[in-house]
Amino acid sequence: MKLIQHDKIEETINNSELISRDLSWLKFNERVFDQIKKDKRNIFEKFKFLAIAASNLDEFFMIRVGSLYNYLDYDKVRIDYSGLREDDFKKKLMIESQHFHKRLQRHFVKELLFKTQEAGFILSNVRNLQEEEQKTIKEYFYKAVYPMLTPMVFDGYHTFPILMNKLLIFGVVTIGPGEKKDNKKLSFVQIPSNIPRFFELEREDMMIYVPIEEMIREHIVSLFRNVTIESINLFRITRNGDFTLEESEDMDSNFLEEVKRKLNERKTGRVVRIEIEEGYSKWMVNLLKQRWTLNDDSIFKIERKSLMDFSGLWQVIGNKRFKDKIPATPRPVPPLSYPEAASEDIFQVLKHKDVLLHHPYNDMEPILELLDKAADDTHVMAIKMTIYRLAKNSRIVGALLKAVENGKHVSVLFEVKARFDEENNIREAKKMQKAGCFVIYGVSNFKTHTKLMLIVKKEENRVTRYVHVGSGNYNEETSRIYTDIGLLTTNEILANDVSEFFNVITGHSAPTNYQNLITSPRDMRNKLIEFIQIEAENASKGLPSGIFIKINSLEDSEFIFALYKASQAGVPIKLIVRGICCLRPGRKGLSENIEVISIVGDFLEHSRIYHFHNNENYRTYVGSADAMVRSFDKRLESLFKVENEFLQKQLMNILRYNLWDNENAYVMQENGQYISKKPGEGEEPFNIHQKFFELMPDMIEEVRLIEG
């Protein structure tokens, strides 16, 4: 297919009514990168966001670029939201990716490296160390590292070795004694992932970090004796990690074996990117490009002064010596609806009122306490849960195992297709199954992303169902850094809905209707679009209207075009979209009444809220679903309606505070660019990641999102 010219590509993109999902994602990572540039952050915080941005880019290439190659390699047609076919889109995507990669590298070299010493540490190669330190390095290399290294030659007698995804690799070009210069051989030395990224040395009040690759580079000659080393080339490959499981209807051990097989394929999937130090052997790179069918735009050069794979910086950030250098997060505060938290029995509290939790401002402890008590309570008969991602040494698993030991019925759906958590989920699921839990390994072709928990307790002459529904995972670790919303309740209407939904998940049931639950893949898109259309009708009649949505990603085209029509009808629409946003705000005649902001800061915004003004008869839903094709069509998702007036005000205030933020907010422009929002003249700084810790109940009494 003939590629179109650069100017034509830009014109096609700008004329599209939708923004490319992948190009929008790169803009999101630029907002992460922007955190590194903020003066208020110290070097350790900057390194943290650098590591996050680099890890994000790795995943982007594994999943999004990997997915694109699935079309390119098999000659399948793909038309992006930008209007571009697959080849032209790849050209644009690689240009943008290369620009981002270069900015990340240059900022590290020019702005961050020289600031490390004043923070109490240095990144150093071996030759800049003191003599005694060099001896220590040499001793460590020969005792601990050398035995782990395996040079693998590729020539007419040896097949091309399997090079692993995201490992640091040395490509060593050698010439044997007496051989001609053009009779080169290429060997690979992979650095095992279980060797620490840096060797740490203490020098008085200074920590010295020696990258493992610099230690190996200094002594690599010991692996290639009596041959001439022509070049030593450090590189790293990224493989396609995007696969679609062809699940059968029979979710048994065969399915688990299928998942395991796919995980192994991920390790040897198609190469989509090579990162390599400048000064590399062109002969070697040409060989690799030919081997992996790559063009020059897939070769990402790294300055010799820089560092390959910034995710290794977590070792520096995590050093106990620097623990006090990372700004402490304020202690969680009691939920607004449950100020007496930890002083009353949670079962008794929930019989009389609902509790809304807003993490990380509120602790996850009420959920854990409820589970712990349920595991021991002789009157609790059953516990049902969906699990997507778990913490290491999870209290959730511990409580469920205890419940089984105490004779309770425990049903758990482990989503073994949770990307990059598959292996952990399979391991934990098998542990629970062995203990006697009823374990479900996913539902047909759908990924179960909904977050539900149901506890059934017999109390006197009745059975009470205790329910938790939320936007976040049952994960104690991420609950401290992800903003999420959860509802604890004994509301019978919602309990009936959740019970029915569990029957769908664990059995063969198709409920005719839910009262306070909207689920996918059945009816979520249609229901939400219906609510949008009602707002448009109200605006057309001159009635108050408004749409306020907070989500991670906005990508579904039907949903977006419904918002466009509502905007054209005069509905004020304010969207808080952390990551991907394929909607164009503020385009004349299309979306003039739509504003989009993104919040990126100390916490990862993960909560989803859908609020519709509905002529002051508010509709407010919370849950696990973003406005994406995968959420509406390919996942089991749920949104639950919040009807309690005080809790609804709390959710409206979350939306209001997000819109007020002028320290973490970025305003999306019609062309897809983002501008950092700053305090206006005479305006006080407003940082939601601080303000929610200070929130009191009386501060939300008069909350309104539409004035008048």
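Select S624 to begin: this serine is buried, with a relative accessible area of 0%. You are looking at a predicted model. S624 belongs to the loop between β24 (619-623) and α17 (629-633). Now show what surrounds S624. Leaving aside neighbours within four places in sequence, S624 is in contact with H449, T450, K451, G470, S471, R608, E637, S638 and L639.

**Stop 2: the loop before β24**

Go back along the chain to E616, in the loop between β23 (608-612) and β24. Is E616 buried or exposed, or something in between? With a relative accessibility of 44%, E616 counts as partly exposed. Check the backbone here too: E616 has a positive phi of about 70°, although it is not a glycine.

**Stop 3: the cysteines**

Color the cysteines next. How many disulfides does the structure hold? The count is zero. A disulfide is a covalent bond between the sulfur atoms of two cysteines. Select C582 and C581 to see why C582 has no such bond: the sulfur of C582 is 6.9 Å from the closest cysteine sulfur, which is in C581, and that is too far. The cut-off for a disulfide is 2.5 Å. C582 is buried, at 0% relative accessibility. Then pick C437, which is also buried, with a relative accessible area of 6%.

**Stop 4: helices in pairs**

Two packed helices are described by the angle between their axes and the distance between the axes. Try that on three pairs.

Select α3 (residues 43-73) and α4 (residues 86-112). Their axes are 12 Å apart and the packing angle is about 165°, so α3 and α4 are roughly antiparallel. Their crossing is left-handed. The residues of this contact divide into 19 nonpolar, one polar and four charged.

Keep α4 on screen and add α1 (residues 6-15). The axes of α1 and α4 come within 11 Å and cross at roughly 95°, so α1 is roughly perpendicular to α4. On the α1 side, show H6, I9, E10 and I13; they meet D88, K91, K92 and I95 in α4. By class, this contact has three nonpolar residues, one polar and four charged.

Now move to α15 (residues 524-540) and α16 (residues 557-568). Here the axes come within 9 Å, crossing at roughly 5°, so these two helices are roughly parallel. R525, L528, I529, I532 and A536 in α15 meet E558, F559, A562, L563 and A566 in α16. Eight of the contact residues are nonpolar, none polar and two charged.

**Stop 5: two cis peptide bonds**

Stay by α15 and select P521, in the loop between β18 (517-520) and α15. The peptide bond from S520 to P521 is cis, with omega near 15°. Then jump to P360, in the loop between β10 (355-359) and α11 (365-376). A cis peptide bond joins H359 and P360, with omega about 0°.

**Stop 6: around the start of β7**

Select N226, in the loop between α6 (212-219) and β7. N226 is exposed, at 70% relative accessibility, and has a positive phi of about 60° although it is not a glycine.

Finish at I229, in strand β7 (residues 228-239). I229 is partly exposed, with 26% relative accessibility. Which residues does I229 touch, not counting those up to four places away in sequence? They are V172, V173, T174, V221 and F224. For a last look, select the C-alpha atoms of I229 and V173: these residues are 56 apart along the chain, and the two atoms are separated by 6.1 Å.

Note on methods. Residues are numbered from 1 along each chain as its sequence is written. This is a predicted model: local features need pLDDT of at least 70, side-chain atom pairs count only at pLDDT 80 or more; totals for chains, interfaces and linings use all residues. Side-chain values use heavy atoms; hydrogens and water are left out. Buried means under 20% relative accessible area, exposed over 50%, partly exposed in between (1.4 Å probe, protein chains only). Helices (H or I, at least four residues) and strands (E, at least two) are DSSP runs, numbered from the N terminus. Contact means heavy atoms within 4.5 Å. Axes are lines fitted to C-alpha atoms, for helices over the stretch in contact, and angles run from 0 to 180 degrees between N-to-C directions. Angles under 35 degrees count as roughly parallel, over 145 as roughly antiparallel, 65 to 115 as roughly perpendicular and the rest as oblique. A crossing is left-handed if the near helix is turned anticlockwise from the far one by less than a right angle, and right-handed if clockwise. Ala, Val, Leu, Ile, Met, Phe, Trp, Tyr, Cys and Pro count as nonpolar, Asp, Glu, Lys and Arg as charged, and the others, Gly among them, as polar.
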